[in-house]
Amino acid sequence: EANAKNFAKKEERGDSKKIYFYSTVLLAIFIFLGVGVYLLSLKKEPEPRPEIKLVPPAPLFATETSRTISVRIDNKAQFLQLVEDSMREQEREGTIKRLIIKLQNESGERFATIKDFLNFYRISPPAGLLEGLNDNVMFFIYNGSGGNRLGFALGARDANRTWRDFISWESSILSDLQPFFFAEKPEIVIAPFEDRTYRNVDWRFLKLSQEKDLGIGYTIFNAGNILILTTSKEAIETAINRLSARQ
């Protein structure tokens, strides 16, 4: 009987130890979970990544003002309207306004290339001409005495090849670039492009009005092989002045 009592006491002590052990384990688990939940609650939400803003390339020459237009790449009507609105804006005579064009699509936003610009107007230059030009293009509007005139400037990888491509385009360039005259009505001309020189820079010009400064002028400025195309004599000479001032 004494042995039985001793055995019972041992079993009770064993059971107590088991209960104490399991209780300790459960308490440790609860503490661990509690600490984990607390630490997770202290963890800060990740800060949203800052939106990367497009920074336009440096202008090829000085301008007095600038305007940025942003449009979806598939919204031709809005693009044409925004450019036309920009052309209507009146600025001080003799000044240049830079036109920065941003295009949006599903993958983000980017600056328009010369190919994008011509595609909006359904203009097809000679095959290979665009491949010889840089993507970074500077669109601008010259505010002249006869009205606002559109132009663009960008680098040419091979000046001689670009000259050849433009000369080959001269036979059809007037009809192709009709959209660049907006509300203006170029006169019917028979005379060909003329060779001209301004500040030792050779350029070519097709005069399209006897009363207004209206025409198609283009050149490749030697320093940097910068192609310039405008729709007025004043505009191209002003662009040459400003490119010369950067040297």
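In which helix is the place of Asp 116? The place of Asp 116 is helix α3, and the points below come back to this residue after a look at the chain as a whole.

1. **Basis of this note.** The model is predicted, so local features are described only at pLDDT of at least 70 and side-chain atom pairs count only at pLDDT 80 or more, while totals for chains, interfaces and linings use all residues. Residues are numbered from 1 along each chain as its sequence is written, and side-chain values use heavy atoms, with hydrogens and water left out.

2. **The chain as a whole.** The secondary structure consists of six helices and nine strands, where helices (H or I, at least four residues) and strands (E, at least two) are DSSP runs numbered from the N terminus. Of the 247 residues in the chain, 38% are buried; buried means under 20% relative accessible area, exposed means over 50%, and partly exposed lies in between, with a 1.4 Å probe and protein chains only. Among the contacts (heavy atoms within 4.5 Å) with a separation of 6 or more, 62% link residues that are 24 or more positions apart. The accessible surface comes to about 15400 Å², and 54% of that surface belongs to carbon and sulfur atoms; such areas come from the Shrake-Rupley method with a 1.4 Å probe, and for residues only the protein chains shown count as cover.

3. **Strand β5 and its partners.** Nine of the 10 residues of strand β5 (residues 147–156) are buried, so this strand is largely enclosed by the rest of the structure. Two strands pair if DSSP finds at least two bridges between them, and β5 has such a pairing with strand β4 (residues 133–144), to which nine bridges join it in an antiparallel arrangement. The hairpin that joins β4 to β5 passes through two residues, and Ile 141 has Leu 150 in β5 as its bridge partner. Strand β9 (residues 226–230) also pairs with β5, again in the antiparallel sense, over five bridges, and here Ala 153 has Ile 228 in β9 as its bridge partner.

4. **Strands β1 and β2.** Strand β2 (residues 95–105) is mostly covered, with nine of its 11 residues buried. Strand β1 (residues 65–72) pairs with β2 in the parallel sense over eight bridges, and Val 71 stands opposite Leu 103 in β2.

5. **Asp 116.** This residue of helix α3 is worth a careful look, because Asp 116 is buried, with a relative accessible area of 12%. Leaving aside neighbours within four places in sequence, Asp 116 is in contact with Ile 73, Leu 103, Arg 110 and Phe 111. Asp 116 and Ile 73 are 43 residues apart in sequence, yet their C-alpha atoms are 8.4 Å apart in space.

6. **Ser 244.** Helix α6 (residues 233–245) holds Ser 244, which is buried with a relative accessible area of 17%. Outside its neighbours within four places in sequence, Ser 244 is in contact with Arg 199 and Phe 221.

7. **The cavity.** On a 1 Å grid over the protein atoms alone, a cavity is a set of points where a 1.4 Å probe fits but cannot get out, whereas a pocket is an open set with protein on both sides within 12 Å along at least five of seven lines, and lining residues have an atom within 4 Å of a point. The structure holds one cavity of 30 Å³ or more, and about 60 Å³ of space lies in the largest cavity; grid points are joined across faces, edges and corners, and a volume is the space filled by probe spheres set on the points. The residues that line the largest cavity include Ile 114, Phe 152, Trp 169 and Leu 227, and by class this lining has nine nonpolar, no polar and no charged residues. Here Ala, Val, Leu, Ile, Met, Phe, Trp, Tyr, Cys and Pro count as nonpolar, Asp, Glu, Lys and Arg as charged, and the others, Gly among them, as polar.

8. **The pockets.** The largest pocket has a volume of about 210 Å³, and of its 15 lining residues Pro 57, Phe 111, Ala 112, Asn 136 and Val 137 lie nearest its centre. Strand β4 gives the most to this lining, with five residues. The second largest pocket has a volume of about 180 Å³, and its lining divides into six nonpolar, three polar and four charged residues.
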